[in-house]
Structure formats: structure tokens, C-alpha cells
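Trainee: Could we go through this model together, beginning with the ligand and its surroundings?

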Amino acid sequence: MKIGILTSGGDCPGLNAVIRGVVIKGDKLFEDEFIGYRDGWRGVIDNDYMTLPRRRVRGIGRIGGTILGTSRSNPFHDGEDGAAIVRRHMDDNDIDGIIAIGGDGTLFTANRLYEAGIPVVGVPKTVDNDLDATDYTFGFNTAVEIATESLDRLRMTGDSHHRCMVAEVMGRSVGWIALHSGMAAGAHVIALPEFPLTIDEICAYVKSAWDRGRAPLVVVAEGYVPKDAPEGFMNYELDEFGRPRFGGVAEVLAPLIEERLGIESRATVLGHIQRGGEPTGYDRVLATRLGTAAVDLVHNNGFGRMVALRGTEIVDVPLTEAINSLKSVPRARWEEAKVLFG
Ligand code: F6P
């Protein structure tokens with residue numbers, strides 16, 4: 001078969017490991033031929049691609065980012081008949097199927113194309129870990145490792161200066177990175193979008209740590225909005241899917257803590273640092289397994305489906321399942337973490 005691969009949406013450590021897994025297995029077992037579309041759906045629309053012979057994926061599994069490039073463009077922008085353009089370019093290149101590696105936006109587009117008759121399978125990725133149809137997404141583990149290391153560093157400088165350090169981590173509208181990195185680093189309070197604390201509650205935990213002689217460490221998920229936030233608290237712009245472009249809540253929170261408690265406070269927004277760098281071993285293995293399973297899915301005519309992790313097994317599920325609901329932090333995980341605050 002001749003298969004097109006693309007990586008779309010925000011990049012994420014492990015994308016190259018998926019590409020490598022797909023190409024090696026397809027080449028060895030099925031003598032497949034591969035092309036890689038440049039910059040996600042943009043490459044499909046513009047028919048911009050590179051060939052992906054096996055030698056092209058040598059050693060890439062341990063490298064972060066994506067050798068194909070990525071973008072947030074999608075074929076249905078500007079009212080175009082995206083499916084017709086994709087179909088035409090697939091026909092021009094004799095492509096039998098597309099493997100789309102991406103998060104909820106990408107999988108939503110993949111499903112829309114599938115419903116319009118395009119043979120596409122999905123591979124879930126996101127540092128946010130917010131896809132309900134899979135237990136974990138690759139990239140999440142790496143992001144948590146980077147965030148944890150950064151929090152450890154912030155704690156050291158906070159300790160030296162007797163300051164409250166407020167660190168903001170990614171996650172869009174869910175708090176998985178905050179929960180995991182905050183627990184790992186022993187934060188004194190973790191602010192999640194799912195269970196929003198008031199600013200007074202955060203201050204109470206900060207004060208309790210301070211009164212015990214500790215330099216308070218606050219981890220805040222970028223999507224957190226205080227329960228008592230005034231109307232239009234952050235005023236985020238919206239992206240092409242109507243989702244807020246988060247960023248900067250720590251910079252608002254730190255001065256509020258300083259003002260209310262008189263404790264010198266500093267904000268750090270970790271930002272895209274969390275998405276760069278080499279994938280952890282866990283993410284390399286998960287990404288590789290998903291890639292090899294995606295090749296099987298194409299050969300088994302599993303179009304309209306997505307590979308996923310359930311427990312320790314790789315399974316496949318309809319793309320519709322992937323885009324129906326976001327996986328947020330459940331109450332039990334929140335309660336488990338909250339016991340340790342203060
Ligand atoms: O979805 C992944 C993510 O890193 C989010 O955590 C973050 O809000 C967003 O992407 C940032 O997007 P961009 O790279 O477009 O700034």
C-alpha cells in the first residue's frame with residue numbers, strides 16, 4: 001500500500017517515534033511505501049510532502065518535535081470543500097490511506113474527512129493527556145518530567161530567597177500536567193481548572209506552608225480560573241476551534257498572593273519548554289507501539305478508527321469516541337492530592 005502520514009496540531013515529544021514505528025513495520029511486513037505530508041493538513045491541501053523511505057526514519061525515535069513539521073491548519077477552513085481537495089491529492093499520488101497523528105482538533109478533522117469518504121486512521125497525541133478514548137497520550141510523561149524538574153529548580157531558588165514561587169504549567173482546559181508534576185515536586189497547593197479553588201483558599205495553603213518555615217510552591221494549570229474570579233478574569237483570545245489560548249494566569253496570581261499575605265512572590269510560566277526536548281523512554285515506547293498498531297489498522301481496513309492505550313494493551317476505537325469528550329481529572333485524584341496541600 002502507499003500511505004500518507006501527517007503530524008498536526010501542537011507538537012509533542014514522541015511524534016517521531018510514531019513515524020519511525022509506522023515506517024519500519026510497514027516496510028518490513030507489508031512492503032508499504034510512505035510519504036510524509038509537511039506541516040499537517042497544510043501539506044495535504046498544498047500537496048507538499050516528502051518521501052519516507054526506511055533510511056529516512058533511522059534514529060529519529062529519540063528526537064523531539066516532528067521531522068514532518070506541524071501546523072494547526074485544517075482542510076475545512078474558509079468554507080473550502082476540504083474533502084474534495086484531499087481526495088484529489090491522494091488520487092494524484094496513489095495514496096491508499098492517511099495516518100493522522102494529532103490531538104482532539106486533528107482527530108475531529110480526521111473524522112470529518114472519514115465521514116466524507118477519505119480513508120484515514122488516527123493516532124492520539126497531546127502533552128495535555130485530555131483525550132478520553134485513551135488512558136495516556138505520549139508526550140504527557142515527557143511534559144510531566146520537564147515540569148517536575150523545573151519545579152524542583154524553582155523550589156531551590158524560592159527556598160534561598162524565602163519567596164512564594166508560582167509556576168504555571170500547560171494542559172489547556174484540564175489539569176493533568178499540573179496534578180502530576182505538582183504531586184511529584186511536592187507542591188504546597190495545585191490549582192486545577194476542574195476543581196477551582198478560590199484565591200483565599202490558595203492563600204490559606206500558602207500561609208500554612210509559610211508558617212511552617214517553608215518557601216511555598218504553587219503549581220497552577222494554565223486553564224485554572226479562581227472560583228471567585230471577577231467577570232472577564234483573564235480575557236483569553238480564542239483559537240480556530242473556539243478554544244481559549246491560555247497563558248499567564250500565574251502572573252496574575254503571584255501578585256495577588258503577595259498583596260494578600262505580604263509574602264514576596266514570583267511567577268514562572270513554563271510554556272513551550274514542556275513540549276520540547278527528547279521524549280522519555282515511556283513516551284518512546286508508547287508512541288512506537290501506537291505507530292506499529294496504526295499500520296495494522298490501515299491494513300485491516302480500520303479507517304475511521306484510532307489506536308489507543310487501554311490498560312497495558314493497544315486497542316482501536318472509533319474516531320468519534322476520541323472527539324466526544326475530554327478527559328478531565330476525576331474527583332478521587334483531586335482529593336488524593338489535596339490531602340497533601342498546605
Ligand atoms: O494542546 C497542547 C498545548 O501545548 C496546550 O497545553 C497549550 O495550551 C497549547 O497547546 C499551546 O498552543 P500553541 O503551541 O499554539 O501556543
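**Ligand site and domains**

Mentor: Around the ligand, with a heavy atom within 4 Å of it, are Arg72, Val127, Asp128, Met170, Gly171, Arg172, Glu222, His272 and Arg275. This is a predicted model, in which local features need pLDDT of at least 70, side-chain atom pairs count only at pLDDT 80 or more, and totals for chains, interfaces and linings use all residues. Residues are numbered from 1 along each chain as its sequence is written, and side-chain values use heavy atoms, with hydrogens and water left out.

Trainee: How far from an oxygen atom of the ligand is the polar side-chain atom of Asp128?

Mentor: Polar contacts here are pairs of N or O atoms within 3.5 Å. An N or O atom in the side chain of Arg72 is 2.9 Å from a ligand oxygen, and a polar backbone atom of Gly171 is 3.2 Å from one. For the polar side-chain atom of Asp128, the distance to a ligand oxygen is 2.6 Å.

Trainee: Which domains each give at least three residues to the shell around the ligand?

Mentor: The bounds come from an automatic or database domain assignment, and the centres of the two domains, taken over C-alpha atoms, are 33 Å apart. Their contact (heavy atoms within 4.5 Å) takes 21 residues from domain 1 and 17 residues from domain 2. The shell draws at least three residues from each of domain 1 (2-138 + 279-323) and domain 2 (140-275).

Technical notes
Polar contact = N/O pair within 3.5 Å; in protein donor to acceptor, adjacent residues only side chain to side chain.
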